[in-house]
Amino acid sequence: MRIAFFVNSIESETPGYTTTTLALAAIQRSHSVVYVEPGDFILRPDDSLAVSVAVLPDAPYKTPDKLYAALKDAAKQKKTFATGDIDILFLRNDPSLDATDRPWAANAGIMFGRLAAEQGVIVVNDPDGLAQAQSKLYLQTFPEAVRPATLISRSIAEIRAFIDKNSKGCIVKPLQGSGGKNVFHIATPADSNLNQIFEAASGDGYLIAQAYIPEAKAGDVRLFLMNGLPLARDGSYAAFRRLPAKGDVRSNIHAAGTARKVKVTDTMLRIAEMVRPKLVSDGMFLVGLDIVGDKLLEINVFTPGGLARLADMYKTDFAARVIVALEEKATLRRAYGKTMPNSRLATL
C-alpha cells in the first residue's frame with residue numbers, strides 16, 4: 001500500500017523524529033512512502049483531489065539517516081498523485097508551529113484530510129477528531145477524575161485567585177502551543193516575577209493554570225495508545241519517563257528533558273482505560289498520554305514522539321506494530337468500502 005505522511009515541512013523533519021521511524025518501518029514492510037506538506041493539495045474544478053508529494057525511492061534503508069537523506073533529495077522533484085492512489089494519509093503535523101507565521105498552513109491537514117477521507121482514503125488521526133483537539137482545551141473534555149484542577153482564562157485576577165487556592169503551587173502555560181514553550185511553575189502567589197510570567201505566557205492568548213502535582217519533580221510519563229489501547233510489543237509497553245533538566249519544570253525532550261525506561265503501573269493503565277472511550281469515538285488512532293501521579297497533564301494527538309527512543313530502550317520495534325495496524329485498516333477498507341466511516345475505521 002501507499003502511505004502518505006503529512007508534516008509541517010520536510011526541511012524541519014529530522015532522522016530522530018517518530019515520523020521518520022514510522023516511514024522506515026513502512027518501507028521495511030514493503031510499502032510505498034510519500035511525504036506531503038501543507039501547500040501540496042490540489043482541489044480541481046471537478047472536485048477531484050490531488051496532491052504533490054515527495055516520493056521516497058524503494059530501497060533497503062538501514063538507518064533513519066539514510067532515509068532522511070533520500071527524503072531531502074526526493075523533495076526537490078515532487079510528483080502529483082490523485083488521492084485515490086494513496087491508501088493511508090497519516091496526519092503528523094503540529095498546527096501550533098504554523099499558527100503565527102503560516103496560519104494558512106495550520107489547518108491544511110484537517111481541511112484536506114476531510115476531503116481525502118470522503119474520497120475513500122484512510123486518514124489518521126481522524127481529521128474531525130483533530131479539529132476538536134487544536135488546543136489544550138481538549139483535555140477538559142475528558143473525565144474530571146483524570147485531570148488536575150484547572151482554570152482557563154485571560155483574567156490575571158482570576159488566575160491569581162486560583163493560585164491563592166492551591167498551596168502547592170501552579171503551572172501556568174498558554175492554551176495554544178507545544179514543546180514546553182512558556183511553561184512556568186509558580187510556587188506561591190507572592191512569586192516576585194508573577195507579572196512577567198503572565199506577560200510572557202499570555203502573549204499567545206488564553207492561559208491555563210493547573211494545580212501543581214508534586215510528583216512532577218520526577219518528570220512525567222509518556223504512554224502511547226493505539227486504537228484506544230496501550231501500545232505494546234514483546235511484553236513491553238511503549239512508555240518512557242521524561243525527566244526535566246536541572247532547574248527546569250518542563251520535561252519535554254525538546255526542552256532538554258531526558259528519557260528513561262519506566263514501569264507502567266495499574267494507575268497509568270486505569271487512566272488509559274478512562275480516556276479510551278472518547279479517544280475511540282474521536283477517531284484518535286495514535287496518541288501520547290502525558291501522566292504525572294494519578295493525573296493526565298496533556299494528550300498529544302498530533303505529533304506524539306519518542307518511538308525511536310523507545311526502540312532503543314526496549315529493543316523492540318513499536319513502529320512496525322503501528323504499520324501492521326494500518327495494514328489491517330487497509331484490509332477492512334477493501335472489504336467494507338466507504339460504508340464504514342473514517343472515524344470508526346481509524347480506531348478499529
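This report describes the overall build of a predicted protein model and then turns to one leucine within it.

The protein contains 11 helices and 19 strands. Its radius of gyration is 20 Å, close to the 20 Å that the globule rule gives for 348 residues, so the protein is as compact as a globular protein of that length. Measures of the whole protein are gathered in the table below.

| Property of the protein | Value |
|---|---|
| Span of the C-alpha trace along the principal axes | about 60 × 45 × 40 Å |
| Radius of gyration | 20 Å |
| Exposed area | about 15,600 Å² |
| Distance between the mean positions of positive and negative charges | 4 Å |

Of the 348 residues, 50% count as buried, and carbon and sulfur atoms supply 51% of the area that the protein exposes. When contacts between residues at least 6 apart in sequence are considered, 71% of them join residues at least 24 apart. The charges comprise 42 positive and 37 negative ones, and the mean positions of these two groups lie 4 Å from each other.

Leucine 194 offers a local view of the model. This residue belongs to helix 7, which covers residues 194-202. Leucine 194 counts as buried because its relative accessibility is 3%, and the cut-off for that class is under 20%. Between leucine 194 and aspartate 282 there are 37 Å in space, taken from C-alpha to C-alpha, while the two residues are 88 residues apart in sequence.

Key
Residues are numbered from 1 along each chain as its sequence is written. This is a predicted model: local features need pLDDT of at least 70, side-chain atom pairs count only at pLDDT 80 or more; totals for chains, interfaces and linings use all residues. Side-chain values use heavy atoms; hydrogens and water are left out. Helices (H or I, at least four residues) and strands (E, at least two) are DSSP runs, numbered from the N terminus. The radius of gyration is taken over C-alpha atoms; the globule rule is 2.2 Å times the number of residues to the power 0.38. Buried means under 20% relative accessible area, exposed over 50%, partly exposed in between (1.4 Å probe, protein chains only). Contact means heavy atoms within 4.5 Å. Accessible areas come from the Shrake-Rupley method with a 1.4 Å probe; for residues, only the protein chains shown count as cover. Lys and Arg count as positive and Asp and Glu as negative; His and the chain ends are not counted. The place of a charge is taken as NZ of Lys, CZ of Arg, CG of Asp or CD of Glu.
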